[in-house]
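Me: I would like to go through this structure by question and answer. Please start with one residue and work outwards to the sheets.

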Amino acid sequence: MSQTITTSNSVLRARSKQETLTTTQDISANQAGSEFNIATDAKVMTLPAIDANNIGMELTFRNTGADGNNTITLSPAAADGINGTIANAAADSVASGTANKDLVNTKATANKGDWCTIKAVAAGAWYITGGVGIWASEA
């Protein structure tokens, strides 16, 4: 007599889409939930404008370049600001929340593996939900 063993592949596995970016990009709301890996210097990632249809979207940006090699700039839409803090041993990175001001992973202090996750929580308001490294708020 044969025995039938039933297995299931229905286990949900949380995986974020990984995108490697080598050029300056306009990020779209359709890319929400993605993690962007950037190993090329002087790249600007223009964030999607926040509206009622995309509140809650989350984006992660990771420096995958060599230490001291990359400047990564997160540039919000004109009406949006980036708010929050990334805790660091030397000094915290604080984003001002001022509309149309960039958040920059500075080249001199950049380390491979620095990252920043931001979430659209309200019209005009990106909030940092986590991160590592020195990220400077544009003055």
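Me: Which residues does Phe36 touch, not counting residues up to four places away in sequence?
Reply: This is a predicted model, and Phe36 is found in strand 3. Leaving out residues up to four places away in sequence, Phe36 touches Glu19, Leu21, Ile27, Gln31, Leu59, Thr60, Phe61 and Arg62.

Me: Is Phe36 buried or exposed?
Reply: The cut-off for buried is under 20% relative accessible area. Phe36 has a relative accessible area of 0%, so Phe36 is buried.

Me: How far apart are the C-alpha atoms of Phe36 and Lys17?
Reply: Along the chain, Phe36 and Lys17 are 19 residues apart. In space, the separation of their C-alpha atoms is 8.4 Å.

Me: Why does the pair of Phe36 and Phe61 count as stacked?
Reply: The structure holds one aromatic pair. The ring centres of Phe36 and Phe61 are 5.1 Å apart. Planes under 30 degrees apart count as stacked, and the planes of these two rings are at 20 degrees, so the pair is stacked.

Me: Which strands does the aromatic pair link?
Reply: Both Phe36 and Phe61 are buried. The pair links distant parts of the chain, 25 residues apart. Phe36 lies in strand 3 and Phe61 in strand 5.

Me: Is Thr60 buried or exposed?
Reply: Thr60 has its place in strand 5, which covers residues 58-63. Its relative accessibility is 9%, and therefore Thr60 counts as buried.

Me: With which side chain does the side chain of Thr60 make a polar contact?
Reply: Leaving aside neighbours within four places in sequence, Thr60 is in contact with Ser34, Glu35, Phe36, Trp115, Cys116 and Thr117. At 2.7 Å, the polar contact of the Thr60 side chain is with the side chain of Thr117.

Me: Which residue stands opposite Arg62 in strand 10?
Reply: Strand 5 and strand 10 pair in the antiparallel sense, over five bridges. Opposite Arg62 in strand 10 stands Trp115.

Me: Which residue in the turn between strand 10 and strand 11 has a positive phi?
Reply: Strand 10 (residues 115-122) runs antiparallel to strand 11 and is joined to it by seven bridges. Within this pairing, Thr117 stands opposite Gly130. The two strands form a hairpin with two residues between them, and the turn residue with a positive phi, of about 85 degrees, is Gly124.

Me: Which residue of strand 11 stands opposite Ile82?
Reply: Strand 7 (residues 81-86) and strand 11 (residues 125-132) run parallel, joined by three bridges. Ile82 has opposite it, in strand 11, Trp126.

Me: Which strands stand at the edges of the open sheet of seven strands?
Reply: The order of this sheet is 1-3-5-10-11-7-8, with mixed pairing. Each edge strand has a single partner strand, so one side of each is left without a neighbour in the sheet. On average, neighbouring strands of this sheet are turned by 25 degrees against each other, direction ignored. The edge strands are strand 1 (18-21) and strand 8 (93-96).

Me: Which element gives the largest share of the largest nonpolar core?
Reply: This core has 22 residues, and Phe61, Leu74, Ile82, Ile118 and Trp126 touch the most other members. Two or more residues each come from strand 3 (35-38), strand 5, strand 6, strand 7, strand 10 and strand 11. The largest share, three residues, is given by strand 10.

Me: With which residues is Leu74 in contact, leaving aside its neighbours within four places in sequence?
Reply: Leu74 is among the core residues that touch the most other members. Its contacts beyond those neighbours are Met45, Phe61, Ile82, Asp102, Leu103, Cys116 and Trp135.

Me: Which side chains of strand 4 are buried?
Reply: In a regular strand the side chains alternate between the two faces of the sheet. Along strand 4 (residues 43-46), Val44 and Thr46 point to one face and are not buried. Pointing to the other face, and buried, are Lys43 and Met45.

Me: Which residue is the bridge partner of Val44 in strand 6?
Reply: Strand 4 and strand 6 (residues 72-75) run parallel and are joined by four bridges. The partner of Val44 in strand 6 is Thr73.

Me: Which strands stand at the edges of the open sheet of five strands?
Reply: The order here is 2-4-6-9-12, with mixed pairing. Strand 2 (residues 25-26) pairs with strand 4 in the parallel sense over two bridges, and the partner of Asp26 in strand 4 is Thr46. Each edge strand has a single partner strand, so one side of each lacks a neighbour in the sheet; these are strand 2 and strand 12 (135-137).

Technical notes. Residues are numbered from 1 along each chain as its sequence is written. This is a predicted model: local features need pLDDT of at least 70, side-chain atom pairs count only at pLDDT 80 or more; totals for chains, interfaces and linings use all residues. Side-chain values use heavy atoms; hydrogens and water are left out. Two strands pair if DSSP finds at least two bridges between them. Buried means under 20% relative accessible area, exposed over 50%, partly exposed in between (1.4 Å probe, protein chains only). A polar contact is a pair of N or O atoms within 3.5 Å; within protein, one must be able to donate a hydrogen and the other to accept it, and residues adjacent in sequence count only if both atoms are side-chain atoms. Contact means heavy atoms within 4.5 Å. Axes are lines fitted to C-alpha atoms, for helices over the stretch in contact, and angles run from 0 to 180 degrees between N-to-C directions. A nonpolar core is a set of buried Ala, Val, Leu, Ile, Met, Phe, Trp, Tyr and Cys residues joined through side-chain atoms within 4.5 Å. Rings of Phe, Tyr and Trp (its six-membered ring) pair if their centres lie within 6.5 Å; planes under 30 degrees apart count as stacked, over 60 as edge-to-face and the rest as tilted.
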